[in-house]
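Q: I would like to learn how to read strand pairing, burial and contacts from a model. Could we work through one case together?

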Amino acid sequence: MAKTYIHEATADHPGIVLDKLSGIFEITGASFPEDAREFYKPVMNWIDEFESDPSSELLLTFKLTYYNTSSSKVIQSILEKFEEMNEKGIKIHVKWYYETEDEDMFEAGLGYKERVEMPFEVIEVTA
């Protein structure tokens, strides 16, 4: 069973909560680690464990304020892994939040939504 994984947010690393029991997968804040693949390795491992013993549904929440190019590639990989699970019958729902004035995060959310086949909401948040 995938255990809970929590990473506290820092100035350049997002806060991450991965909890199978509550059905929550959440990434918040800014994501521009020097080595995104290495930083997100525990997240990818958690997803692999989750996939081997999944719950029936999971809510993926992204509340990012900024991310760099290498983080965007990892986010795409994360979404693709969950898209595969969704195709196998696990209910995966994505909520991508962006602040009203943040056109970049809005556009990013729409871009990811277009690239994956699963329920995906792009949600405006007023500051």
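**Reading a fold**

A: Start with one residue pair: Ile6 stands opposite Val17 in β2. The model is predicted, so to speak of local features a pLDDT of at least 70 is needed and side-chain atom pairs count only at pLDDT 80 or more, while totals for chains, interfaces and linings use all residues. Residues are numbered from 1 along each chain as its sequence is written, and side-chain values use heavy atoms, with hydrogens and water left out.

Q: What helices and strands are there in the chain, and how do the elements run from the N terminus on?
A: Helices (H or I, at least four residues) and strands (E, at least two) are DSSP runs, numbered from the N terminus. Here the chain has four helices and six strands, in the order β-β-β-α-α-β-α-β-α-β. The radius of gyration, taken over C-alpha atoms, is 14 Å, close to the 14 Å of the globule rule (2.2 Å times the number of residues to the power 0.38) for 127 residues, so the chain is as compact as a globular protein of that length. Along its principal axes the C-alpha trace spans about 40 × 30 × 25 Å.

Q: Which strands does β2 pair with, and in which sense?
A: Two strands pair if DSSP finds at least two bridges between them. Strand β1 (residues 5–7) is joined to β2 by three bridges and runs antiparallel to it. Strand β2 (residues 15–19) also pairs with strand β3 (residues 24–31), again in the antiparallel sense, over five bridges. Val17, opposite Ile6, also stands opposite Glu26 in β3. Ile16 of β2 has Ile27 as its bridge partner in β3.

Q: How many residues lie between β2 and β3 in the hairpin?
A: Four residues separate the two strands of the hairpin, and Gly23 in the turn has a positive phi of about 75 degrees.

Q: In which sense do β3 and β4 run?
A: β3 and β4 run parallel and are joined by eight bridges. One of the pairs is Phe25 with its bridge partner Leu60 in β4.

Q: How many of the residues of β2 are buried?
A: Buried means under 20% relative accessible area, exposed over 50%, and partly exposed in between (1.4 Å probe, protein chains only). Four of the five residues of β2 are buried, so this strand is largely enclosed by the rest of the structure. Over the 127 residues of the chain, 44% count as buried.

Q: Is Thr61 buried or exposed, and which residues is Thr61 in contact with?
A: Contact means heavy atoms within 4.5 Å. Thr61 lies in strand β4 (residues 57–67) and is buried, with a relative accessible area of 6%. Leaving aside neighbours within four places in sequence, Thr61 touches Phe25, Glu26, Ile27, Lys95 and Tyr97.

Q: Where is Ala30, and which residues is Ala30 in contact with?
A: Ala30 is in strand β3 and counts as buried at 13% relative accessibility. Its contacts, neighbours within four places in sequence aside, are Ala11, Asp12, His13, Pro14, Thr65 and Tyr66. For Asp12, the separation from Ala30 is 18 residues in sequence and 5.7 Å in space, C-alpha to C-alpha.

Q: In helix α4, is Ala108 buried or exposed? And is Glu114 buried or exposed?
A: Ala108, found in helix α4, counts as buried at 11% relative accessibility. Beyond neighbours within four places in sequence, Ala108 is in contact with Tyr67 and Trp96. Ala108 and Tyr98 are ten residues apart along the chain, with 9.4 Å between their C-alpha atoms. Glu114, also in helix α4 (residues 103–115), counts as exposed at 70% relative accessibility. From Glu114 to Ser77 is 37 residues in sequence and 14 Å in space, C-alpha to C-alpha.

Q: What remains to be read for the chain as a whole?
A: Among contacts between residues at least 6 apart in sequence, 69% join residues at least 24 apart. The accessible surface, from the Shrake-Rupley method with a 1.4 Å probe, comes to about 6900 Å², of which 49% belongs to carbon and sulfur atoms. For charges, Lys and Arg count as positive and Asp and Glu as negative, with His and the chain ends not counted. The mean positions of the 12 positive and 26 negative charges are 6 Å apart, each charge being placed at NZ of Lys, CZ of Arg, CG of Asp or CD of Glu.
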